[in-house]
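Open the model in your viewer and keep the sequence panel beside it. The stops below go from the ligand outward.

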Amino acid sequence: MKAKPRILTGDTSTGRLHLGHYVGSLENRINMQDDYDCYFIIANIQALTTRLDRPADVHQNVMEVMLDYLAAGIDPKKSTVFIQSEIPAIAELTVFFSLLVPCPRLMRNPTIKDEIRDKGLGDNYSMGFLMYPISQVADILAFRPEVVPVGEDQIPHLELTREVARRFNQLFCHVDPHTEDADYLSKGGLFPIIEAKLGRTRRLVGINGPGPDGSLLKMSKSLNNAIYLSDDPDTIKKKVMSMYTDPNRLKATDKGQVENNPLWIFHETFNPDKAWVHDAEDRYRAGTIGDVECKRKLVDVLVALIEPMRARRSQYEKDLHQVKTLLREGTANANELANQTLLLAKEAMHQRYF
Ligand code: TRP
């Protein structure tokens with residue numbers, strides 16, 4: 001029997017997970033659990049790169065992310081969930097990989113640039129912050145996965161991962177630079193040239209209005225426009241009933257705009273009743289159905305999605321000892337594979353001495 005192909009992905013432990021995480025990557029992971037050997041990293045060191053002043057929150061949020069994983073349907077019998085800082089091989093690989101990346105290349109990473117702007121880091125970001133994409137390359141390559149399911153914002157990091165893997169394979173495993181990405185392993189490379197798998201919604205919008213440039217903002221904890229996988233029905237109702245829709249509707253006419261309207265983006269993303277959505281959209285455009293009716297429907301849809309997760313979460317919350325045990329077991333399992341990769345990397349680099 002052929003071994004299952006591996007996937008690796010994960011989240012920074014910066015808070016609870018929301019619907020944006022769900023459609024961006026979590027849903028893909030849950031569906032891939034049977035056919036892939038799955039590794040999920042909770043990236044606490046990456047979280048610390050921007051919240052060194054709140055280390056206890058980062059610790060707490062490792063547990064919150066784990067609870068959200070279990071709640072959403074990640075099955076610890078099938079998948080390995082582990083904590084970044086408990087995998088020493090990742091830190092060692094980060095040092096080796098940092099030698100393969102030119103400094104100016106790091107500064108050109110668009111996700112890093114966005115973060116420096118959005119988080120107001122100015123020029124006060126640390127060396128560790130600038131390095132985190134290399135550390136993420138190590139998170140990934142330590143597990144030599146084929147596929148990395150992520151949201152769109154992670155694409156620059158995956159491109160860097162491919163570049164590092166190609167360079168390593170060329171320099172230390174003597175793979176010809178003209179080799180096709182898919183052939184690196186069969187030509188003797190150690191690291192696969194990974195593929196990204198994007199979620200069905202690339203970038204879910206938040207529940208509030210547009211930003212200064214007029215375009216809708218993505219759902220994000222820091223923008224305070226998120227619906228969480230752990231929100232109770234009342235909270236979901238409050239958030240949906242006050243969500244931003246078409247601002248012109250109340251003024252001039254009854255006719256509503258469906259495009260760029262969070263209400264309809266959410267229906268299209270989450271409502272399984274496509275016939276209702278199409279019909280209601282037509283009526284919305286014609287001005288024969290109200291916001292309130294459509295919002296009520298959306299509340300039902302989201303509660304139906306989230307309530308089973310919340311129920312599962314509260315079961316696990318009653319036994320945090322068990323949740324910790326799952327993390328400990330996952331981490332032990334992950335260390336086995338990562339240590340093996342580190343040894344192979346050192347051998348390829350002629351740096352295995354004992
Ligand atoms: N940077 C990712 C995020 O912010 C989290 C992450 C850390 C990750 N290491 C990873 C994602 C490795 C995929 C693969 O969500």
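Select strand β1, residues 6–12. With five residues, β1 gives the most to the shell around the ligand. The model is a predicted one, so read each distance below as a value computed from it.

Next, show the rest of the shell. Besides β1, the elements that each supply at least two of its residues are β2 and α7, the latter spanning 127–141. Colour the shell by residue class: five residues are nonpolar, six are polar and two are charged.

Now label the residues that come nearest to the ligand. There are 13 residues around the ligand in total, and the nearest are Thr9, Gln46, Gln136, Asp139 and Gln154.

Which atoms of the ligand face the side chain of Gln46? Draw the distance from the polar end of that side chain: an N or O atom there is 2.7 Å from a nitrogen atom of the ligand. Repeat this for Asp139, where a polar side-chain atom also lies 2.7 Å from a ligand nitrogen. For Gln154, the distance between a side-chain N or O atom and a nitrogen atom of the ligand is 2.9 Å. Then switch on the surface: the ligand taken alone exposes 370 Å², and the protein buries 89% of that.

Go back to β1 and add strand β2, residues 37–43. The two strands run parallel and are joined by seven bridges. To find the register, click Leu8 and look across to β2, where Tyr39 stands opposite. Side chains in a regular strand alternate between the two faces of the sheet.

Add helix α1, residues 19–32, to the selection. Together, β1, α1 and β2 make a β-α-β unit, and this unit is right-handed.

For the last stop, display the aromatic side chains. The structure holds 12 aromatic pairs. One to select is Phe168 with Phe172: the ring centres are 4.8 Å apart and the planes stand at 65°, so this pair is edge-to-face. Both residues belong to helix α8, residues 155–173. They are separated by about one helical turn because they are four residues apart in that helix.

Technical notes: Residues numbered from 1 in each chain as written. Predicted model: local features only at pLDDT ≥ 70, side-chain atom pairs only at ≥ 80, totals over all residues. Heavy atoms only, no water. Pairing = 2+ DSSP bridges. Right-handed = clockwise from strand over helix to strand, strands pointing away. Near = heavy atom within 4 Å. Polar contact = N/O pair within 3.5 Å; in protein donor to acceptor, adjacent residues only side chain to side chain. Areas by Shrake-Rupley, 256 points an atom, 1.4 Å probe, with all protein chains shown as cover. Nonpolar A, V, L, I, M, F, W, Y, C, P; charged D, E, K, R; others polar. Phe/Tyr/Trp six-rings, centres within 6.5 Å; stacked < 30°, edge-to-face > 60°.
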